[in-house]
Amino acid sequence: MSSTDAEAAVLPNSFALSLSDALGRLSGLTDHSLDYAVGTPEPGRAPAGEVIAGIRTLWNALRRVLRPSGMSLLVCDSQPENRSGIPPELAWRIAFSLQKERWILRNAVIGPVRPGGPSTGIGFIFVPRIRYSFDIDAVRAQYGTNPGDVVLPDTGCIADRFAVAACSRGGRLTDLFTTGSQKTAVVR
């Protein structure tokens, strides 16, 4: 056994732990209480099958707490230098897997993963039903433009732009993989 194999055997699977935390957070929410959820998973070295199954399980749990008109965004950091990111081919396999679970893939958007960060990723917009809330005028009001399927670096990150469109004043949103204390918020 190499030293890398020994380290992997001793260290907990951080992807499994972050999934467990996200599932626990969702279990504490009431049915249909969220307008918007975003998830930017960092699977590290987890096998592709485990990543796909884990995200599918999380999105199936999300269906219960997302309002029928709600929207979810799966952001896959696709930068190859980011060892915890998700390569584009795996990102698309995850997206197709969620479609098989009856999630409607409304769009795939390319843009910055984090504000001011160097990473670019793919944001998959999923909705549970054909009719959903999306206020493009709110995006135009905040950012001055709607560049379409590409989010420019100086106009916010993928998740921020879609939070503006999905959550009106008083709407509830959550970041599924956040590690801070503010995991669910109300838009003011």
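**Figure 1. Helices α2 and α3 packed side by side in the predicted model.** Here we look at helix α2 (residues 14-27) against helix α3 (residues 48-65), with axes 9 Å apart and an angle of about 10° between them. Since angles under 35 degrees count that way, α2 is roughly parallel to α3. On the α2 side, the contact is made by Phe 15, Ala 16, Leu 19, Ala 22, Leu 23, Leu 26 and Ser 27. Helix α3 answers with Glu 50, Val 51, Gly 54, Ile 55, Thr 57, Leu 58, Ala 61, Leu 62, Arg 64 and Val 65.

**Figure 2. Ser 97 and its contacts.** Ser 97 belongs to helix α4. With a relative accessible area of 8%, Ser 97 is buried, because anything under 20% falls in that class. Setting aside neighbours within four places in sequence, Ser 97 is in contact with Ile 52 and Arg 56. Also in this view is Ile 55: its C-alpha atom is separated from that of Ser 97 by 9.2 Å, and the two residues are 42 residues apart along the chain. Ile 55 has already turned up in Figure 1, as one of the α3 residues in the contact with α2.

**Figure 3. The edge-to-face pair of Trp 92 and Phe 124.** The count of aromatic pairs in this model comes to 4. In this one, the rings of Trp 92 and Phe 124 sit 4.8 Å centre to centre, with 85° between the planes. Trp 92 comes from helix α4 (residues 88-100) and Phe 124 from strand β4 (residues 120-127), so the pair ties together parts that are 32 residues apart in sequence. How buried or exposed are the two partners? Trp 92 counts as partly exposed, at 31% relative accessibility, whereas Phe 124 counts as buried, at 0%.

**Figure 4. Phe 124 again, now with Phe 126.** These two rings form a tilted pair, 6.4 Å centre to centre and with 35° between the planes. Phe 126 is at 0% relative accessibility and counts as buried. Stepping back a little, ring pairs link Trp 92, Phe 96, Phe 124 and Phe 126 into a cluster.

**Figure 5. A charge over a ring: Arg 63 and Trp 103.** The charged end of Arg 63 sits over the ring of Trp 103. The distance from that charged end to the ring centre is 4.4 Å.

**Figure 6. The protein as a setting for the close-ups.** There are 6 helices and 6 strands, running α-α-β-α-β-α-β-β-α-α-β-β from the N terminus on. Of the 188 residues, 43% are buried. Among contacts with a separation of 6 or more, 73% come from residues 24 or more positions apart. As for the outside, the protein exposes about 9,700 Å², and carbon and sulfur atoms supply 53% of it.

How values were computed. Residues numbered from 1 in each chain as written. Predicted model: local features only at pLDDT ≥ 70, side-chain atom pairs only at ≥ 80, totals over all residues. Heavy atoms only, no water. Phe/Tyr/Trp six-rings, centres within 6.5 Å; stacked < 30°, edge-to-face > 60°. Helix = DSSP H or I, 4+ residues; strand = E, 2+ residues; numbered from the N terminus. Buried < 20%, exposed > 50% of the residue type's maximum accessible area, 1.4 Å probe, protein only. Lys NZ or Arg CZ within 6 Å of the ring centre and 35° of its normal. Contact = heavy atoms within 4.5 Å. Areas by Shrake-Rupley, 256 points an atom, 1.4 Å probe, with all protein chains shown as cover. Axes fitted to C-alpha atoms, helices over the stretch in contact; angles between N-to-C directions. Parallel < 35°, antiparallel > 145°, perpendicular 65-115°, else oblique.
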